Amino acid sequence: VIRGHFEKCAADGIGWDLELELISATGRRIWVRSIGRASRDKGGRVRYVEGAVQDVSERREAADEKRQLADQLVTHFESITDAFYTLDAEWRFTYVNYRAERWLRRSREELLGKIIWDEFPDTIVSRVQSEFQRAMTEQIAREFEHYSQGLEIWVHTHAHPSGQGLAVYFRDVTVERQIQ
């Protein structure tokens, strides 16, 4: 693969920047980054090709591990029975699981990047807002129940602060409240 790019660069001056998986002389699989460019004379003709090859295996493995962890977290958040979403420090939705989509009656595409108080104005000046703000300000988890006018259900909520914002789990407890 690199030879083809080298030859094209030598002939036409077209550079390259590739990441490839190779097998080392010892039989180990490694990832390398290969870059190259043509150096031209005053007439514009290719005089020579210069480039470099760098072992990027560690960076690539770390990125793969990070991607696998992210996939595992998404699988976990999608499979839990509670509705779940995350908010950043500016109160914008950064993640919404399937159950939250159903209970909030909005798709994640509609919510991601939007501010919770703009999307659900009935939560402004409510227990939800005061508990969420307390969780963020004091960096303490909050657990509470409230009646959601917009959803017409009783909701049990867990709000957990993180360095990035707030993780919120909630579930419908209307039936339990009615029994009580």
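Are Trp-91 and Trp-117 buried or exposed? I looked them up, and both Trp-91 and Trp-117 are buried. I keep in mind that this is a predicted model.

**Entry 1: aromatic pairs**

I searched the whole structure for aromatic pairs and found eleven. I began with Trp-91 and Trp-117, which form a tilted pair. Their ring centres are 5.3 Å apart, and the planes make an angle of 55 degrees. Next I checked where the two residues sit. Trp-91 is in the loop between strand S4 (83-88) and strand S5 (93-96). Trp-117 is in helix H5 (residues 116-119). The two are 26 residues apart, and the pair links distant parts of the chain.

I then turned to Trp-103 and Phe-170, another aromatic pair that is tilted. Here I read 5.9 Å centre to centre and 50 degrees between the planes. Which elements hold these two residues? Trp-103 lies in helix H3 (residues 98-104) and Phe-170 lies in strand S8 (residues 165-172), so the pair ties together parts 67 residues apart in sequence.

How accessible is Phe-170? Its relative accessible area is 5%, and Phe-170 is therefore buried. The cut-off for buried is under 20%.

I also noted a cluster. Tyr-85, Phe-93, Trp-103, Phe-120 and Phe-170 form one aromatic cluster.

**Entry 2: arginines over rings**

Which arginine lies over the face of Trp-31? I found Arg-60 there, at 3.6 Å from the ring centre. I also found Arg-177 over the face of Trp-154, at 3.6 Å from the ring centre.

I looked at Arg-59 as well. Arg-59 is in helix H2 (residues 57-79). Arg-59 has 46% relative accessibility, so I count this residue as partly exposed. From Arg-59 to Trp-31 I read 9.1 Å in space, C-alpha to C-alpha, across 28 residues in sequence.

Ser-57 is also in helix H2. Ser-57 has a relative accessible area of 4%, so I wrote down "buried". Ser-57 and Ile-30 lie 27 residues apart in sequence, yet their C-alpha atoms are 5.5 Å apart.

**Entry 3: the nonpolar core**

How many residues does the largest nonpolar core have? I read 24. Those with the most contacts inside this core are Tyr-85, Ile-116, Phe-132 and Leu-166. I listed the elements that give two or more residues to the core: S4, S5, H3, H5, H6, S7 and S8. H6 gives the most, with four residues. My textbook note for this entry: in soluble globular proteins, nonpolar side chains tend to be buried together.

**Entry 4: the largest pocket**

How much space lies in the largest pocket? I read about 330 Å³. The pocket is lined by 22 residues. Nearest its centre lie Leu-104, Thr-123, His-146, Ser-148 and Leu-151. Four elements give two or more residues to the lining. I noted them as helix H6 (127-138), strand S6 (142-148), strand S7 (153-161) and S8.

What kinds of residue make up this lining? I sorted them into twelve nonpolar, seven polar and three charged.

**Entry 5: positive phi angles**

I looked up the backbone of Arg-105. Arg-105 is not a glycine, yet its phi is positive, at about 60 degrees. Where does Arg-105 lie? I found Arg-105 in the loop between H3 and helix H4 (108-111). The relative accessible area of Arg-105 is 54%, so this residue is exposed. The cut-off for exposed is over 50%. I also took a distance from Arg-105 to Leu-151, one of the residues nearest the pocket centre. Arg-105 and Leu-151 are 46 residues apart along the chain, and 8.4 Å separates their C-alpha atoms.

Gln-139 came next. Its phi is near 55 degrees, a positive value in a residue other than glycine. Gln-139 is in the loop between H6 and S6. Is Gln-139 buried or partly exposed? I read a relative accessible area of 45%, so Gln-139 is partly exposed.

Technical notes
Residues are numbered from 1 along each chain as its sequence is written. This is a predicted model: local features need pLDDT of at least 70, side-chain atom pairs count only at pLDDT 80 or more; totals for chains, interfaces and linings use all residues. Side-chain values use heavy atoms; hydrogens and water are left out. Rings of Phe, Tyr and Trp (its six-membered ring) pair if their centres lie within 6.5 Å; planes under 30 degrees apart count as stacked, over 60 as edge-to-face and the rest as tilted. Buried means under 20% relative accessible area, exposed over 50%, partly exposed in between (1.4 Å probe, protein chains only). A charge sits over a ring if NZ of Lys or CZ of Arg is within 6 Å of the ring centre and within 35 degrees of the ring normal. On a 1 Å grid over the protein atoms alone, a cavity is a set of points where a 1.4 Å probe fits but cannot get out, and a pocket is an open set with protein on both sides within 12 Å along at least five of seven lines; lining residues have an atom within 4 Å of a point. Grid points are joined across faces, edges and corners, and a volume is the space filled by probe spheres set on the points. Ala, Val, Leu, Ile, Met, Phe, Trp, Tyr, Cys and Pro count as nonpolar, Asp, Glu, Lys and Arg as charged, and the others, Gly among them, as polar. A nonpolar core is a set of buried Ala, Val, Leu, Ile, Met, Phe, Trp, Tyr and Cys residues joined through side-chain atoms within 4.5 Å.
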